Amino acid sequence: MKKVIKWLAIVGGALVVLFIATLLIIPMFVDVQKYKPEIENQVKKATGRSFTIGGELRLSLFPWAGLSISDVRLGNAPGFKEKDMLSVKSFDVRMKLIPLLFRDVQLQRFILEGPRVVLEKNKEGRTNLEGMWKPSEKAGPKASEEKAEGKEESPWELPFKALTVGEFSINNGNFLYLDHATGGKQEITNLSLRVREVSLDQPIRLVFSAMMAGKPLSLEGQLGPLGQELGKGRVPLDFSVKAFKEVEMDVKGSIVDLLWGQQFDLSIRVAAFSPRRLMSAMGQAFPVTTADPQALDRVALRGSVKGNPRSLSISDGALDLDDSKGTFSLKAKDFSKPDLGFDFKLDRIDLDRYLPPPAKEKASGGVKKEEPRKTDYGPLRKMALDGGIQIGSLTIKNAKVQDLHVKVLGKNGVFNLDPVTARLYQGNLSTKASVDVTGDIPKTSVNLDVKGVQAGPMVRDLLQKDIIEGVAEAETVIAMKGDEADMIKKSLSGKGQILFQDGAIKGVDLAGMVRNVKTAFGAAKDAEKPRTDFSELKAPYSITDGLVSTTQTSLVSPFLRVLAAGKANLVNETLDFRVEPKFVGTMKGQGDAVERAGIAVPVLVSGTFSSPSFQPDLKNILEKTLKQGVLPEVQKMIQPGAKDQQTQQPTPADALKGLLKGLAPGQ
């Protein structure tokens, strides 16, 4: 028995020695170089691109099975600038053979040195990747059938039981992107990837670094353990990303069923950074121009992100934007037809800082007006939306709004804002709105209700003009079509009413106009700024295709009653109104301490929104006088030489007399 064992040991040892000797001798006597043309030909046939191995092939089988190649080049597609799409200076891989018999992969080293990848897009929009890999004709129909039947691939087990990697690295890599249509160019250099402590039952350490636009990019952290069933189960991860010395981001969490379910549960934190400095570090111009050049200078973000390829949710979201702080949550599913739900709260924001600066006026002579681009509302018709917005303090167009609440609901191209509420200059605003984009031209309707708003401060903030005072109320229902200003103004229709109480119209002395023709219409100037005080100003109106009409606008004050009727054209911004005054007993009204005398003269308002003009309606006065007989006041005023007894200055009679003469034939 001992002899049998002895001979078996000798035979076995001899076989092992013979096997090792064979592994050592084979590379010495087998010319692997003769296989280079065959390898090059097979790669060329598979990719449709030229392929060359400039250096020697080196093969070793013991103690490590190894393969080394150098100067590998894969040619670019015809018609592109760069000669090679892919090139590698050297590639070296070594692993143990005997453990492979027991499904134990022991990789000593995997080193890729100097890889260079070029991605190009030509002026027609084609890339050099197109047409590179030809799909298998046999596999195609089968895969299509399985996809049509809704079959999913089942997790597969690894072909090995254990995996260890001593060294895995990619060194001195380079990635170049060229866009010949726009002239754009992006290059990543000094690309390096090192993976340490690789095994299936231990976390894998990963270190990535590169340079972009002369600034560093880095990613460092760990992934795993991966487990024996690759792609199945929970895989923890913890990474830190740094970019351009400006951005730092931490990502922690896990991925479940990496290759199939792809569910993730992550916590993301982006430290405060400046988007403006980031774009500058990348060598790029900032993509937007804001009225405030200091806006968008600080952003910070954090939140918990969960989801899979079919849905996404963000909870505990927090956003810092310059001086504003907010919280948010988001749910999204069915990305081909997005179904979105969100809740966003912000403490304060001045939107004027983020709007584009006022456009500079350009000479219109000889300049052809560009046709507005047609907006594609197709994506909005597919979207479902359910969200809420709350803003504690909002500034827009210099107007200040507090406690803004907006509820948004939308589906099948119809979006409703119901309700929209806010506090506005000591009053309240309530609005309902609807936007319909089911057709090519959007349709919008708005119901507006305003109560108790201080009109003076609001108008001063909005228009930068001090033209009115009082407590304002408004009710309006309007509808419009279009998505650009001219179309909206032409289609605007609706009705409503504006009411001002206990206020004044500033810059216009209506009482002076209707009492004293000469003084009010430019012959003399008062020392004080003109104004018209009132206890109530009511303006009911209707709008038809951009034309605003009113027949019952009225002003009531202790000394004056005024009725106004006319039209305002929103399209060409012109005015056409007639103001009919009627005096009452008292000569002093709210805030009015000036003694007034004379007859009431109707006023015609014309001109444009930006430059209105006011003229006395003397023709109407003359017609009434001729029809009803000369009034005593007129008889007195047309007496020649009439003068004010106190000031000894010509009275308004002189002015009226001259104007009446001017109406005579031939004058």
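These legends go with a set of close-up views of one protein chain, shown as a predicted model.

**View 1. The whole chain, before we zoom in.** Let's start with the overall count: the chain has 12 helices and 31 strands. It runs to 667 residues, and 33% of them count as buried. Take the contacts in the chain with a separation of 6 or more: 49% of those come from residues 24 or more positions apart. As for the outside, the chain exposes about 41,000 Å², with carbon and sulfur atoms supplying 58% of that area.

**View 2. Helix α2 and its buried side.** Here is α2, a helix of 12 residues covering positions 36-47. From first C-alpha to last it reaches 17 Å, close to the 16 Å expected at 1.5 Å a residue. Which of its residues are buried? They are K36, E40 and T47. These residues cover an arc of only 45° around the axis, so they sit on the same side of α2. Look for β1 (51-53) and β3 (65-75) here, as both are among the things that cover the buried residues of α2. Now go to the face turned away from that buried side, and you'll find the exposed residues P37 and K45. Just after the helix comes G48, which has a positive phi, near 75°.

**View 3. N128, tucked into a loop.** This residue belongs to the loop between β6 (116-121) and α3 (139-148). Is N128 buried or exposed? Its relative accessibility is 0%, under the 20% cut-off, so N128 counts as buried. Which residues does it touch, if we skip the neighbours within four places in sequence? N128 is in contact with R49, N76, A77, F80, M85, V118, L119 and E120.

**View 4. N174 in strand β7.** Strand β7 spans residues 162-179, and N174 is part of it. With a relative accessibility of 15%, which is under 20%, N174 counts as buried too. Setting aside residues up to four places away in sequence, N174 touches P115, R116 and V117, and also E187, I188, T189 and L191.

**View 5. A nonpolar patch on the surface.** Three side chains to pick out here are L86, V117 and F175, which make a nonpolar surface patch of about 190 Å². You've met V117 already, as one of the residues touched by N174. L86 comes from strand β4 (residues 84-95). Because its relative accessibility is 31%, between the 20% and 50% cut-offs, L86 counts as partly exposed.

Technical notes. Residues numbered from 1 in each chain as written. Predicted model: local features only at pLDDT ≥ 70, side-chain atom pairs only at ≥ 80, totals over all residues. Heavy atoms only, no water. Helix = DSSP H or I, 4+ residues; strand = E, 2+ residues; numbered from the N terminus. Buried < 20%, exposed > 50% of the residue type's maximum accessible area, 1.4 Å probe, protein only. Contact = heavy atoms within 4.5 Å. Expected span 1.5 Å × (residues − 1). Arc of directions from axis to C-beta. Patch = residues over 30% accessible without salt bridge, like charges linked within 9 Å, V, L, I, M, F, W, Y side chains within 5 Å. Areas by Shrake-Rupley, 256 points an atom, 1.4 Å probe, with all protein chains shown as cover. Salt bridge = Lys/Arg side-chain N within 4 Å of Asp/Glu carboxyl O.
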